[in-house]
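Visitor: I would like to learn how to read a structure such as this one, feature by feature. Could you take me through it, giving the general idea before the particular case?

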Amino acid sequence: MKYSLLSNISTVGIVFASIGGVILLAIILYLIIVPTKYLFASIFGGAYIPSYKLLGMRSRRVNLSLLVNSYILSKKENLGFTLDQLESHYIAGGNCLELLSTLTKAKNANIPLDVELAKVIDLSTHRLKDIIDEVIHAKVIEIKNIKAITQDSIELIVDVNATIRPRLENYVDGLGEEALKTKVKEFVISGIALVGDHKAGLASPEKIVKGWESSKVDTDCGFTLEALEISSVDIGRDIGSEMSAKRIEKEKAYAEFSATKQRNQEIMRELEMKTRVQEMKAEVLSAEAEVPKAISDAIKEGRFSIMDYYKLMNLQADTALRRSIISKDSANKKEE
């Protein structure tokens, strides 16, 4: 009887020991498999996450620390994000913690920031926090060396300070900061062009940017232009004097060209006259060369005798002598 009782007791002990061992083994396996660190963090952080979800996120190789902390922050700030939404945003390439902290900052600053818009901005620019900071504290940008000509042909060089603030509803699809700078430059250039006297522009530079509020410079931009001020004005080139100097240079060059052309024409005429004289001399020589031939033919035909030829030669010699004497007398008279 005693042996049977002891046998039953040992059997019950073995069963309980086995059950306890199984339970202990299950607990050990649970602690090994399940990321208990993040499980306890979610419990004590007031944002309980079931263990199977933690195992699922681990299998998908996401950043458990980031997502758990983000979910805890969402619960504390009552932002309404589910764990699945945060994981989807993380997988899409977003920064969950920055998204939540920025939404919290916008909420505390009474900035109406839509959650979906915040997600889009975070995914497209990765600088959501900086954008919200610029919404809270407007940014001042400098636009330098804006050059244009006044109505009295004097160039003015203007620097402006533009105060801008991001326009959240139009930030993703609207024109960027560089496009806004270009539009501001165009507005300032048109303002300089309306200045009648450059001295007036120097004395009252605010007139150059007068009316910027109603000009709608920031239309279609991702920023709102809140202020536009002239920081400095300087005088550049005297365009009128430069144009006058260029006009004088052109007139001088044209006059020189005309004079050169006239000289060339006179030289050409002189060369033509010399050529004509040479042609006439050649004709005379050609005619003189025909005279002996004609005399010879006349003698052969009996129309001209030898005595007539000698008389002609004497006449030519006498004529040459008289010309020589007349030339010497003329020269002597000139010397006297």
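Guide: Let us begin with a strand and its surroundings, bearing in mind that this is a predicted model. A residue is called buried when its relative accessible area is under 20%, and by that reading 11 of the 13 residues of β2 are buried, so the strand is largely enclosed by the rest of the structure.

Visitor: In what order do the strands form the sheet, and what is the sense of the pairing?

Guide: The 3 strands form an open sheet in the order β1-β2-β3, with antiparallel pairing. Because β1 (139-149) and β3 (223-238) stand at the edges and each has a single partner strand, one side of each is left without a neighbour in the sheet. From one strand to the next, the twist averages 20 degrees.

Visitor: How many bridges join β2 to β3, and which residues stand opposite one another?

Guide: Strand β2, residues 154-166, is joined to β3 by 12 bridges, and the two run antiparallel. Along this pairing, I154 has D238 of β3 as its bridge partner, while I164 stands opposite L225 in β3. On the other side, β1 and β2 pair over 9 bridges, again in the antiparallel sense, and here I143 stands opposite V160 in β2. The hairpin of β1 and β2 has 4 residues between the strands, and in it S153 takes a positive phi near 65 degrees.

Visitor: Which helices pack on the sheet?

Guide: Helix α8, residues 128-136, packs on the sheet and touches β1, β2 and β3, its direction making about 105 degrees with that of β2. Helix α9, residues 177-193, also packs on the sheet with contacts to β1, β2 and β3, and its direction makes about 40 degrees with that of β1.

Visitor: Which residues have the most contacts inside the largest nonpolar core?

Guide: That core has 53 residues, and those with the most contacts inside it are M57, V160, L168, V184, V188 and L228. Taking V160 as the example, and leaving aside its neighbours within four places in sequence, one finds contacts with I141, E142, I143, I146, V184, V188, L228, E229, I230 and S231.

Visitor: How should I read a pair of packed helices?

Guide: Two packed helices are described by the angle between their axes and the distance between the axes. Helix α3 (residues 51-59) and helix α4 (residues 64-76) pack at an angle of about 140 degrees, with their axes 10 Å apart, which makes α3 oblique to α4. Their contact is made by L54, M57 and R58 of α3 together with L64, L67 and V68 of α4.

Visitor: At what angle do the axes of α5 and α6 cross?

Guide: The axes of helix α5 (residues 83-91) and helix α6 (residues 96-108) cross at roughly 120 degrees and come within 9 Å, and these helices are therefore oblique to each other. In this case L86, H89 and Y90 of α5 make the contact with C96, L99 and L100 of α6.

Visitor: Is K119 buried or exposed?

Guide: The test is again the cut-off of 20%, and K119, which lies in helix α7 (residues 115-125), is buried because its relative accessible area is 13%. Not counting residues up to four places away in sequence, K119 touches F81, H89 and L99.

Visitor: Where does G174 lie, and which residues is it in contact with beyond its neighbours in sequence?

Guide: G174 lies in the loop between β2 and α9 and counts as buried, at 17% relative accessibility. Once neighbours within four places in sequence are left aside, G174 is in contact with D220, C221 and G222. Of these, G222 is 48 residues from G174 in sequence, although the two are 4.4 Å apart in space, C-alpha to C-alpha.

Visitor: What can be said about the protein as a whole?

Guide: The secondary structure comes to 12 helices and 3 strands, and buried residues make up 27% of the 336 residues. Among the contacts with a separation of 6 or more, 65% are between residues 24 or more positions apart. The accessible surface comes to about 22700 Å², of which 58% belongs to carbon and sulfur atoms.

Notes:
Residues numbered from 1 in each chain as written. Predicted model: local features only at pLDDT ≥ 70, side-chain atom pairs only at ≥ 80, totals over all residues. Heavy atoms only, no water. Core = buried A, V, L, I, M, F, W, Y, C linked by side-chain atoms within 4.5 Å. Buried < 20%, exposed > 50% of the residue type's maximum accessible area, 1.4 Å probe, protein only. Contact = heavy atoms within 4.5 Å. Areas by Shrake-Rupley, 256 points an atom, 1.4 Å probe, with all protein chains shown as cover. Pairing = 2+ DSSP bridges. Axes fitted to C-alpha atoms, helices over the stretch in contact; angles between N-to-C directions. Parallel < 35°, antiparallel > 145°, perpendicular 65-115°, else oblique.
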